Amino acid sequence: MSAPVRPGAASGTRPPRQRREEMCEADYREPDGGFAATVAAVVADVLGIDRVGLDDSFYDFGGTSLQAISLCVRLEKATGRAIEPVDVLEYDVLADLITLLSDGSEGSRG
């Protein structure tokens, strides 16, 4: 018996990303600088949206604890900085998450 196939997995395509403006009413404030843009791109990809602004919250887009785990793994690969899922849930606004990551801290330790 073979494993179930996720939608789009067979063809290698992903479902289209949702537009930020359809999910969030706040004005968009663009991340500035390469590091901030990288973090924003990873967050947007994990959440399945086209872009994330500095003032946007992980919760604005229905972020879940499973997505927080995925986000931590992907951010560490992209930035070399390790954080914990609880950090994503606590620093849910993109600007705060960028600050946490750029401070060079390694997130919560319990």
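A polar contact is a pair of N or O atoms within 3.5 Å; within protein, one of the two must be able to donate a hydrogen and the other to accept it. By that criterion, the side chains of Ser-57 and Asp-92 are joined by a polar contact of 2.5 Å. The model in which this pair occurs is a predicted one.

**Overall layout**

The chain contains 4 helices and 0 strands, and its pattern along the sequence is α-α-α-α. Of the 110 residues in the chain, 32% are buried. Among contacts with a separation of 6 or more, 60% are between residues 24 or more positions apart. The chain exposes about 6,800 Å², and carbon and sulfur atoms supply 51% of that area.

**Helix H1 and its cover**

Helix H1 runs over residues 34-47, and its 14 residues should span 20 Å at 1.5 Å a residue; the end C-alpha atoms are 20 Å apart, so the two values agree. The buried residues of H1 are Ala-36, Val-39, Ala-40, Val-42, Val-43, Ala-44, Asp-45, Val-46 and Leu-47. Their cover includes H2 and helix H4 (94-102). After H1 comes Gly-48, which has a positive phi near 75 degrees.

Two valines of H1 show how this cover is made up. Val-43 is in contact with Val-52, Leu-71, Leu-94 and Leu-97, leaving aside neighbours within four places in sequence. Val-46, also in helix H1, has a relative accessibility of 13% and therefore counts as buried, the limit being under 20%. Not counting residues up to four places away in sequence, Val-46 touches Gln-67, Ser-70, Leu-71 and Arg-74. Leu-71 thus appears in the contact lists of both Val-43 and Val-46. The C-alpha atom of Val-46 is separated by 8.9 Å from that of Gly-63, 17 residues apart along the chain.

**Helix H4**

Leu-94, Leu-97, Ile-98, Leu-100 and Leu-101 are the buried residues of H4. These residues lie on the same side of H4, because the arc they cover around the axis is only 160 degrees. They pack against H1, H2 and helix H3 (85-90).

**The nonpolar core**

In soluble globular proteins, nonpolar side chains tend to be buried together. In this model the largest nonpolar core has 25 residues, and those with the most contacts inside it are Val-39, Val-43, Leu-71, Leu-75, Ile-83, Leu-94 and Leu-97. H1, H2 and H4 are the elements that give two or more residues to this core. H1 supplies the largest share, 8 residues.

**Residues of helix H2**

Thr-79 is placed in helix H2, which covers residues 65-79. Its relative accessibility is 18%, under the 20% limit, so Thr-79 counts as buried. The side chain of Thr-79 has polar partners on the backbone: the side chain reaches the backbone oxygen of Leu-75 at 2.7 Å, and one of its polar atoms lies 3.1 Å from the backbone nitrogen of Arg-81. Leu-75 is also among the core residues with the most contacts. Not counting residues up to four places away in sequence, Thr-79 touches Phe-35, Thr-38, Val-39 and Leu-101.

Val-73 is another residue of helix H2. With a relative accessible area of 46%, Val-73 is partly exposed, since that value falls between 20% and 50%. The C-alpha atoms of Val-73 and Ile-83 are separated by 8.5 Å, and the two residues are 10 apart along the chain.

**Ser-57 in the loop**

Ser-57, the residue of the opening contact, is found in the loop between H1 and H2. Its relative accessible area is 9%, so Ser-57 is buried. Leaving aside neighbours within four places in sequence, Ser-57 is in contact with Asp-92 and Val-93.

The relative accessible areas of the residues discussed singly are listed below.

| Residue | Relative accessible area | State |
|---|---|---|
| Ser-57 | 9% | buried |
| Val-46 | 13% | buried |
| Thr-79 | 18% | buried |
| Val-73 | 46% | partly exposed |

Conventions:
Residues are numbered from 1 along each chain as its sequence is written. This is a predicted model: local features need pLDDT of at least 70, side-chain atom pairs count only at pLDDT 80 or more; totals for chains, interfaces and linings use all residues. Side-chain values use heavy atoms; hydrogens and water are left out. Buried means under 20% relative accessible area, exposed over 50%, partly exposed in between (1.4 Å probe, protein chains only). Contact means heavy atoms within 4.5 Å. The expected span of a helix is 1.5 Å times one less than its number of residues. The arc is that of the directions from the helix axis to the C-beta atoms. A nonpolar core is a set of buried Ala, Val, Leu, Ile, Met, Phe, Trp, Tyr and Cys residues joined through side-chain atoms within 4.5 Å. Accessible areas come from the Shrake-Rupley method with a 1.4 Å probe; for residues, only the protein chains shown count as cover.
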